[in-house]
Amino acid sequence: MPLLDIRNLTIELDTPRGRVKALERVCLTINPGELHGLVGESGSGRSLLARAILGVPGHNWTVTADRMMWDGQNLMEMSSKQRRNLMGSEIAMIFQDPTSSLDPAISVGSQIIEAMPTNKSLPFWKRGKFKKKTAEKWLHKVGIKNTEKVMESYAWELSEGECQKVMIAMAVANQPRLLIADEPTDSMELSTQAQIFRLLSKLNQLQNVSILLISHELDTLAGWCDQLTVLYCGQVMESGPTAELLKRPFHPYTEALIDNAPDYSGELAHKSMMQTLPGSAPALQHLPIGCRLGPRCPQAQKKCVSQPSLCHKKDRYFACHFPYHNESCNDDTST
Amino acid sequence: MGRYLLRRLNLFLATSLVLIGVLFIATSHFPVEQQYALTGIASPTAEQLALGRSEYKLDSNQFRQFLAYTEQRVSGNLGVSITSQKPVIDELIQVLPASFELAIVAGILAMCLGVPLGILASLSKNKITQHTIMAITLTGYSIPVFWLGLTLSLWFGVELGWLPISGRINLLYEIEPVTGFMLIDTLLSQSIYRISAFLDAMQHIVLPAITLAVLPFTVVVRITRSAMLHIMNEPYIRAAEARGLHTGTIVLRHALPNAFIPVLKNMGLMLGTFASYAMIVEVIFSWPGVGSWLVSGIYQRDYTVIQGGVLSVALIIIFFSIFIEVLHNAFNPISRKEIYAAN
C-alpha cells in the first residue's frame, strides 16, 4: 500500500479576477521509504502541493480531490484538529527559507526543545532535561558540532545552512514517516547544499523516512531521488522511476528538460543561445485550456486543447496525447 | 550592551540638563522678584535673604547662576511652597506615591484587558466580533477624558451611588503612611478596621483608574491586534503549525512575545499623553496626586511648586521613556542585532 496516494487533486485560488486553478488534477503516489523528487519551474505549484499534503492551506484556497489517502486514512475527511495531530508526528515539513522559519524573538535552543517529543514514561520534572538531551542528540545527528553555542544563539546569528540543519532536526525528531522538503537548499552555496542532501538521503536510508524533495533543478534531483514527478504549470506531466524517466522520457516536456540541461563538455559555442522551449510559462491569469504545455509543445496538435488524462505504463505515468515512443495509453483515472 | 546603556544614561542626563535650563530661564521671567520665585520664602529675614543670594549666586553672572540653580535643584532643594511655607520636596514626596498608585493600577488594567482583547480581535474569524471590538476601541480612543470622568462620576457616583467620587479613602479611616500607596498602607496598618479600610481604598480607586485606563487600553488593543495580524502570517508561525503545535501554544509562545515588542514601543511613545491625562483625572476625582497638586499650585501662583512639579513630572517621563526603550531592546533580540551592528 502506498504511504501517500493522491488522485486528481485540484487547488483553486480565489483571486480578484476570479477563480484560478493553480493545480489541476494532480496525481502523486509515494511509497514507504521512497525518496521522491518533485521537479518544476517556479510558479508551477510545487509549494501549493506541499502545503496541501501537509494541511496548512491558505485562506483563499479551495481544495478538491478524488482521493487523498494517507496510509489508508482519508485526509479529506479529517477535521483540522486531526490534521494538526498528523503534522509534526507523521508528516513533517522543512521550508525553503530556514532563517525566517525560526522565531526571531526566542533562542534556537528553546524552539528545538519545544519540538522534541515528550517522554511520557518519565515523571514530569525530568521531562525537560530529557527533551534537552534529545535535542542535543538530534543536533549532533544532523551534523552540528557545537550544540551548546547553536542552542544559545538566535536564528539570525546562525548561517542559512545551520538553520536548515536545525529545522531538519526539529522535523525528524518526532520520527515522521514522510518528510516534505520544499526547496531545502534555496540560496545556499554548493557545499552546504551537498551536505543537506547527503543528510536527507542518510535519513531516508537509516530511519526509513519517505522524503518528498521539491526542487527546480532536475540534475540535482536526478542524483538523489528514486522516483521523479515532473510538474508544469500546475499539471503533472510525467512521473516514474528516475533512471527510466531520464533514459526514455515519454513526455515532450521531460524530453525538453533533459535536452535543455546545459552540458559542460565544452562543445557549446561561445555566446551561442541556450536551448529552451519557445515562449515562457504562462501567468496564472492566462492559462491555456487543455494541456497547459500546449502552446509551447513541439508535438502539439489540435487534440491538445482537451486535457489528457494520466496514462500509465508499468510503473510510469504520463499525461500526453502524443507521447514519444508511441506508448499505448492505459487510462488510469478510472481505476 | 554596556556601551548602549552608557549612551542611554548620557541621553537621560543631557535631556535633564536641557529641562533644567528651560526651567531656569522660565523662572527668571516669572512676574515676581527673582529670589522670591527661587526660594519661595514669603517674608524672609535678613539672614534668609543673604543665604538665598549666596545659594543661588544672584550677584554673579547668568551662567554661574544657572550652575548654582542646577546644584540646588539636583541636591533636592526645591525651595518652600509659597502658600504653605513648607519645603516643596516634602509635599512632593507626599503626593508622588498617590499618582504612581493610580498610574500603576490604570496601567495594569489597560494591559490585562487590552492584550487579550487585541489577540481575540486578531484571531477571531467572526466579522461581528472584530468590528465590535474595533468600534469600542475607536469610541474609547476618541472620548475626551474629562467628559468621561465627569460622566462616570455622575452615573456611578451620584445617581447610582455605588462608588465614591473623590479622594483616596474615606476620612473616617486614619492610615499611617508607610509606603505612600494607600492600597498597601491599609493592609500594613495595625488598625482593626484595616480590611474595611482596604476595601474602601479599593472602591475609591475604581473610577479614576478606569477613566485613566481607557486611553492606553484602546491603544494597546489596536497595536496588539495589528501586530498579531502581521505576525500570524510570518513564516515562523507557519513552520510552527507545520510542526504540529497547538494554536494556543503558537499564540502564547511565538506570536505574543513578538507582538509585545511594538506594544512596548508604543507605550513608551504614549507616556507623555498618559501623564497629562493622569493630571486631568486627578483634578476631576480630587485625587491627591502630583497632578492636582501642580494644577492647584498654578492657580495659586505658587512659583516654587510649579517649578518642583514640572521638574519632577518631566524627569519621571524622561526616565521612563528611556527605561522602556531599554526594556524594548532587552525583550527584542532583533533590535539588539542592530545595536551590535551600529557599534
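A residue counts as buried if 20 or more other C-beta atoms lie within 10 Å of its own, and as exposed if 12 or fewer do. The exercises below apply to a predicted model.

**Exercise 1.** Decide whether L212(A) is buried or exposed, and describe its surroundings.

*Solution.*
1. Place the residue: L212(A) belongs to strand β9 of chain A, which covers residues 210–215.
2. Apply the cut-off: L212(A) is buried because 27 other C-beta atoms lie within 10 Å.
3. List the partners: with neighbours within four places in sequence set aside, L212(A) contacts I30(A), H36(A), L38(A), L178(A), I180(A) and A181(A).
4. Take one of these partners, I180(A). I180(A) and L212(A) stand 32 residues apart along the chain, and 4.8 Å separates their C-alpha atoms.

**Exercise 2.** Describe the fold of chain B in outline.

*Solution.*
1. Count the elements: chain B has 14 helices and zero strands.
2. Consider the extent: a box of roughly 80 × 60 × 40 Å along the principal axes holds the C-alpha atoms of chain B.
3. Consider burial: 33% of the 343 residues of chain B count as buried.
4. Consider the contacts between residues at least 6 apart in sequence: in chain B, 68% of them join residues at least 24 apart.

**Exercise 3.** Work out which helices of chain B each supply at least two residues of the side that touches chain A.

*Solution.*
1. Start with the totals: 22 residues of chain A and 16 residues of chain B take part in the contact.
2. Assign the chain B side: α10 (235–242), α11 (247–284) and α14 (333–342) each supply at least two residues.
3. Find the largest share: α10(B) gives six residues.
4. Sort by character: this side of chain B has seven nonpolar, four polar and five charged residues.

Conventions: Residues are numbered from 1 along each chain as its sequence is written. Chains are lettered from A and ligands numbered from 1 in the order in which they are written. This is a predicted model: local features need pLDDT of at least 70, side-chain atom pairs count only at pLDDT 80 or more; totals for chains, interfaces and linings use all residues. Helices (H or I, at least four residues) and strands (E, at least two) are DSSP runs, numbered from the N terminus. Two residues are in contact if their C-beta atoms, placed from the backbone, lie within 7 Å. Ala, Val, Leu, Ile, Met, Phe, Trp, Tyr, Cys and Pro count as nonpolar, Asp, Glu, Lys and Arg as charged, and the others, Gly among them, as polar.
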